[in-house]
Amino acid sequence: MSNTLPLQGLKVIDCSTMLAAPWAATYLADFGAEVIKVEHPQTGDQCRRFGAVKDGIGLIWKTISRNKKCITLNLSHEEGNKLFLRLIQEADVLIENFRPGTLEKWGLGWDVLSAVNPRLIMLRCTGFGQEGPYADRGGFGTVAEGMSGFASMNGYPDSPPTLPPIALADGVAGIQAALSIMIAVYERDVQGSGRGQVIDLCLYEPLMRLMEGSIVEYSVLGKVPGRVGNRINSAAPRNVYKAKDGRWAALSASSQPIAENVFQAIGRPELIEDPRFCDNPSRVGEVEELDRIIGAWIGEHALEEVVSTFLAAGAVIGPIYDLDQLFSDAHYKFRQSLVEIEDKDFGTVSMPNVAAKFSRTPGRINHTGPDRGEHNQEIYAGLLAISEEEMKRLQEIGAI
């Protein structure tokens, strides 16, 4: 196993805030990219105070800014502007999520940045993209989840449209952003163009990719999907079921062999010959009765017995975990799906590990999210060779 991280040498400037775009930078940092996180000297990133807080410190900051180097820099300040251009000269990638036109207002538009560094790849992440009727609107994941069509499909038939309890649109956009950056890096460095480019990413389009089955269905059949709770319109059985001990199981049988195994598990193998349940379209049409039959059997057995019986029959099922149960699961421990990282504020912080496990060049978490300006000395004095006297002056005038 190599000690060299696969993105070592890739320099990323992250001047974005909150969730989607910073997540993209984190994914790159997990695999060795040198990510320099730029924050305003006075306000910093709002994510430092977002969500749950302990002792005035935002908890999500510790994971979303892990492996990054934090510096302070006022991009709207004349001297800060000049420093930013010096950083751009050293960078491979710039990640930003200001409203369209903001960098241009500060004299830092693509024309200026690309002239300073023609190899620069610039990811611009906004609610609705850089151009179009909605480009000037502010954007959060909540609005993207609503306007992508996701919320209209989520929930029960008699409930309002339901938003997810997590930053779903931001998370999906962050993954798409990291992928897009690496595609651009490949084109520049491996295909050999040697040229950078702008990547225009909005929050709602990556979420649409998760819904493409329903979108294609509407385009061909004209069918607008309604809310179906924990079911899906394309396969049955698929639902959550309550066991005798009050715990819940998640079950999916999207393919014919797995559905047959479910019937074996509940001791009803003859159901596969029943015209109501013989194939997937028939099962979807009789989903109420199907769920009643499966739910009745599960309701007569404790969850542990339900899961073991279904797995023995070759069905696909799992318990619905509360978050505390993630920490005690033997499989998750074996895979180190969650890791405990030393932290100067809290002693240790547990967080999701690097998700993909590479056989030869795995990513890793070196440290949690740093303090504001923690790496000013390293970047300004080291990378840019700025003297102590000049750094003091820049700090006094509010540039850093």
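**Close-up views of the predicted model**

**Figure 1. Helix 8 against strands 6, 7 and 8.** Helix 8 (residues 168–189) lies across strand 6 (93–96), strand 7 and strand 8, and its direction makes about 165 degrees with that of strand 8. The structure is a predicted model, in which local features need pLDDT of at least 70 and side-chain atom pairs count only at pLDDT 80 or more, while totals for chains, interfaces and linings use all residues. Residues are numbered from 1 along each chain as its sequence is written, and side-chain values use heavy atoms, with hydrogens and water left out. Helices (H or I, at least four residues) and strands (E, at least two) are DSSP runs numbered from the N terminus. Axes are lines fitted to C-alpha atoms, for helices over the stretch in contact, and angles run from 0 to 180 degrees between N-to-C directions. Contact means heavy atoms within 4.5 Å.

**Figure 2. The open sheet of 6 strands.** The strands of this sheet follow the order 5-2-1-6-7-8, with parallel pairing. At its edges are strand 5 (68–72) and strand 8 (197–202), each of which pairs on one side only. From one strand to the next, the twist averages 20 degrees. Two strands count as paired if DSSP finds at least two bridges between them. Strand 7 (residues 121–126) and strand 8 run parallel and are joined by 6 bridges. Within this pair, C125 stands opposite L201 of strand 8.

**Figure 3. Strands 1 and 2 of the parallel sheet.** Strand 1 (residues 11–14) pairs with strand 2 in the parallel sense, over 4 bridges. V12 stands opposite V35 in strand 2. Strand 2 (residues 34–39) is largely enclosed by the rest of the structure, because 5 of its 6 residues are buried. Here, buried means under 20% relative accessible area, exposed means over 50%, and partly exposed lies in between (1.4 Å probe, protein chains only).

**Figure 4. The open sheet of 3 strands and helix 13.** This sheet has the order 9-10-11 and antiparallel pairing. Strand 9 (238–242) and strand 11 (317–319) form the edges, each pairing on one side only. The twist averages 20 degrees from one strand to the next. Strand 9 and strand 10 (residues 248–252) are paired in the antiparallel sense over 5 bridges. R238 has S252 in strand 10 as its bridge partner. Helix 13 (residues 287–298) packs on the sheet, where it touches strand 9 and strand 10, and its direction makes about 35 degrees with that of strand 9. In general, strands of a sheet pair through backbone hydrogen bonds, either parallel or antiparallel.

**Figure 5. G109 in a loop between two helices.** The loop that holds G109 lies between helix 4 (102–105) and helix 5 (110–116). G109 counts as buried because its relative accessibility is 3%. Leaving aside residues up to four places away in sequence, G109 touches L103 and E104.

**Figure 6. The whole chain, as context for the close-ups.** The secondary structure comes to 18 helices and 13 strands. Along the principal axes, the C-alpha atoms fill a box of roughly 80 × 50 × 40 Å. Of the 400 residues in the chain, 44% are buried. Among contacts with a separation of 6 or more, 67% involve residues 24 or more positions apart.
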